[in-house]
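Subject: Structure handover

Dear colleague,

Here is the structure for your work. My notes on it follow below.

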Amino acid sequence: MPQKDPCQKQACAIQKCLQANKYIESRCEDVIRAMRMCCEHAGENSICCSGFAREQRSTEPKIPGAS
């Protein structure tokens, strides 16, 4: 039996909150924050975190001279 995604609960909470709040992200900041925290701990073990990992890399500040 496949292992349950460790951040699935938080991912579902985000979807439920967004649907209940007409997709206004600012009303769901607490559940989004919980998802980010879960992803920090679960990392590569969570399929649900793949989008959050890409988002974090794209928002990291660019360091001059670094590739």
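The protein has three helices and zero strands, and from the N terminus on its elements run α-α-α. The model is predicted. Its mean pLDDT is 82, with 75% of the residues at 70 or more. Confidence is uneven between elements: helix 1 has the highest mean pLDDT, 96, and helix 3 (residues 50–59) the lowest, 62.

Of the 67 residues in the protein, 24% are buried. Among contacts with a separation of 6 or more, 49% are between residues 24 or more positions apart.

Helix packing

Helix 1 covers residues 8–20 and helix 2 residues 29–42. Their axes lie 9 Å apart, and the helices pack at an angle of about 160°. An angle over 145° counts as roughly antiparallel, and helix 1 and helix 2 are therefore roughly antiparallel to each other. The crossing of helix 1 past helix 2 is left-handed. On the helix 1 side, the contact is made by Gln10, Ala11, Ala13, Ile14 and Cys17; on the helix 2 side, by Val31, Ile32, Ala34, Met35 and Cys38. By class, the residues of this contact are nine nonpolar, one polar and no charged.

The loop between helix 2 and helix 3

Two residues of this loop are described here.

Ser46 sits in the loop between helix 2 and helix 3. Is Ser46 buried or exposed? Its relative accessibility is 5%, so Ser46 counts as buried, the cut-off for buried being under 20%. Apart from neighbours within four places in sequence, Ser46 contacts Asp5, Pro6 and Cys7.

Cys48 is also placed in the loop between helix 2 and helix 3. With a relative accessibility of 28%, Cys48 counts as partly exposed. Which residues does Cys48 contact, once neighbours within four places in sequence are left aside? They are Asp5, Cys7, Gln8, Ala11 and Met35. Asp5 and Cys7 are thus contacted by Ser46 and by Cys48. Two of the residues contacted by Cys48, Ala11 and Met35, also take part in the contact between helix 1 and helix 2. Cys48 and Met35 are 13 residues apart in sequence, and the distance between them, C-alpha to C-alpha, is 9.1 Å.

Regards

Notes:
Residues are numbered from 1 along each chain as its sequence is written. This is a predicted model: local features need pLDDT of at least 70, side-chain atom pairs count only at pLDDT 80 or more; totals for chains, interfaces and linings use all residues. Side-chain values use heavy atoms; hydrogens and water are left out. Axes are lines fitted to C-alpha atoms, for helices over the stretch in contact, and angles run from 0 to 180 degrees between N-to-C directions. Helices (H or I, at least four residues) and strands (E, at least two) are DSSP runs, numbered from the N terminus. Angles under 35 degrees count as roughly parallel, over 145 as roughly antiparallel, 65 to 115 as roughly perpendicular and the rest as oblique. A crossing is left-handed if the near helix is turned anticlockwise from the far one by less than a right angle, and right-handed if clockwise. Contact means heavy atoms within 4.5 Å. Ala, Val, Leu, Ile, Met, Phe, Trp, Tyr, Cys and Pro count as nonpolar, Asp, Glu, Lys and Arg as charged, and the others, Gly among them, as polar. pLDDT is the predictor's confidence in each residue, from 0 to 100. Buried means under 20% relative accessible area, exposed over 50%, partly exposed in between (1.4 Å probe, protein chains only).
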